[in-house]
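Let's take a stroll through this structure together. Have a look at the sequence and the model first, and then we'll go through a few places worth a stop.

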Amino acid sequence: MEETYLVNVEGVKKKILHGGQGELPKLQDGSKITFHFQTLKDDFERTVIDDSREAGIPMEIIVGKMFKLEIWETLLSSMRTGEVAEFWCDAIHTGMYALVSRAMRRIAEGRDPLEGQKHRCGMGNMFDYHSTGYDDLDELQRTPQPLIFIMELFRVEEPSAYKRDTWAMSKEEKLAAVPMLHSEGNRLVLHKEFGQAAAKYQEAVICLRNLQAKEKPWEDGWLKLESLVTPLVLNYCQCQLELGEYYEVLEHTTELLQKHNADNAKAYFKRAKAHAAVWNEQEAREDFLRVAHLDPSMAAAVKKELKQLGERMRKKHVEDRKRYQGLFQLPGGP
């Protein structure tokens with residue numbers, strides 16, 4: 001179809017590309033909408049900015065959860081299941097798109113969408129850093145402009161019809177979910193399901209980080225949440241040690257220690273084991289000795305680890321000498 005419709009909203013035009021089925025959905029707070037989208041510039045080339053199909057999974061939003069691009073709820077409410085439609089939206093509706101796109105891209109890259117934020121709101125964060133980290137989004141941020149959204153609506157689910165993801169929960173629901181996720185992670189560790197356990201700990205950390213984003217850094221509320229984050233991160237790192245992801249352990253333990261956990265013996269111990277695993281002998285020894293100093297009750301464990309480290313390093317030096325002797329030995333020589 002080529003007919004253009006108005007969506008009863010100023011600055012929005014709709015063109016149905018493929019008709020849908022059934023009645024228009026009745027959206028309510030908590031309804032989950034699943035759809036694919038493509039974002040285009042309103043230029044001659046119709047330059048593609050984002051395409052959810054490239055990530056391989058459709059987009060989901062929860063109605064009433066303050067999604068930063070409010071116009072999307074309006075657009076989707078005008079669609080039937082299975083419908084594909086193109087929406088032209090004036091700049092009055094697209095000013096926040098750069099922030100939304102930044103968060104979606106970071107999630108697709110496996111990164112925390114709130115990582116590095118210093119302010120409670122995304123806009124404050126933008127003014128602080130002056131960049132989204134993506135050149136094309138920086139351009140949109142500097143010069144708000146009309147955008148074209150092509151959407152395909154898959155389904156609309158009522159709040160009682162699906163298991164709610166933690167990001168869609170209220171503050172109270174997130175706080176209640178954290179100990180449950182922690183407990184489930186511990187249960188999985190007992191069964192040596194370290195990958196699944198790590199995912200549970202990570203989900204709990206994300207819950208707390210989302211709550212922290214609404215608190216003022218370093219004040220009581222923020223620090224209380226941080227105290228809940230620390231043991232979860234340490235448990236996550238233990239799983240990563242078991243899985244052989246040593247550099248990830250180094251990253252997370254170092255971040256913990258650099259914040260305000262400089263006397264956390266358990267963080268040093270896990271970092272020392274990761275250093276030892278990747279042959280950083282000096283760094284491992286320094287961290288192990290620091291553990292013994294901070295927590296004398298761990299002295300026996302440290303002594304055992306240092307002994308194992310020494311044996312591994314001696315074995316490695318012997319193997320290295322043999323390898324280099326063979327490399328430089330002349331053919332036919334002694």
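Which residues line the second largest pocket? Keep in mind that you're looking at a predicted model, and then go hunting for this set: Gln238, Leu241, Glu242, Tyr246, Lys273, Ala276, Ala277, Phe288, Glu305, Gln308, Leu309 and Arg312. Helices H8, H10 (265–277) and H12 (299–328) each chip in at least two residues of that lining. H12 gives the largest share, with four residues. Sort the lining by class and you get six nonpolar, two polar and four charged residues. As for room, the second largest pocket holds about 200 Å³ of space.

Now let's step back and take in the whole chain. The protein chain has 334 residues, and buried ones make up 39% of them. Trace the fold and you'll pass 12 helices and seven strands. Look at the contacts between residues with a separation of 6 or more, and 68% of them turn out to join residues 24 or more positions apart. On the outside, the accessible surface comes to about 19500 Å², and carbon and sulfur atoms account for 53% of that.

Next stop, helix H7, which runs over residues 194–212. Its 19 residues reach 27 Å from the first C-alpha to the last, close to the 27 Å you'd expect at 1.5 Å a residue. Plenty to check here: the buried residues of H7 are Phe194, Ala197, Ala198, Tyr201, Ala204, Val205, Cys207, and then the run Leu208, Arg209, Asn210, Leu211 and Gln212. And what do they pack against? Three helices: H6 (171–190), H8 (220–243) and H9 (246–259). You've met H8 already, as one of the helices that help line the second largest pocket.

Finally, let's peek inside. The structure holds one cavity of 30 Å³ or more, and the largest cavity has about 60 Å³ of space. Its lining is made of Thr94, Gly95, Tyr97, Ala98, Leu140, Gln141, Pro144, Gln145 and Leu147. Helix H3 (97–108) and helix H5 (135–142) each supply at least two of those residues. How many charged residues does this lining have? None: by class there are five nonpolar and four polar residues. Set that beside the second largest pocket, where four charged residues sit in the lining.

Note on methods: Residues are numbered from 1 along each chain as its sequence is written. This is a predicted model: local features need pLDDT of at least 70, side-chain atom pairs count only at pLDDT 80 or more; totals for chains, interfaces and linings use all residues. Side-chain values use heavy atoms; hydrogens and water are left out. The expected span of a helix is 1.5 Å times one less than its number of residues. Buried means under 20% relative accessible area, exposed over 50%, partly exposed in between (1.4 Å probe, protein chains only). Contact means heavy atoms within 4.5 Å. Accessible areas come from the Shrake-Rupley method with a 1.4 Å probe; for residues, only the protein chains shown count as cover. On a 1 Å grid over the protein atoms alone, a cavity is a set of points where a 1.4 Å probe fits but cannot get out, and a pocket is an open set with protein on both sides within 12 Å along at least five of seven lines; lining residues have an atom within 4 Å of a point. Grid points are joined across faces, edges and corners, and a volume is the space filled by probe spheres set on the points. Ala, Val, Leu, Ile, Met, Phe, Trp, Tyr, Cys and Pro count as nonpolar, Asp, Glu, Lys and Arg as charged, and the others, Gly among them, as polar.
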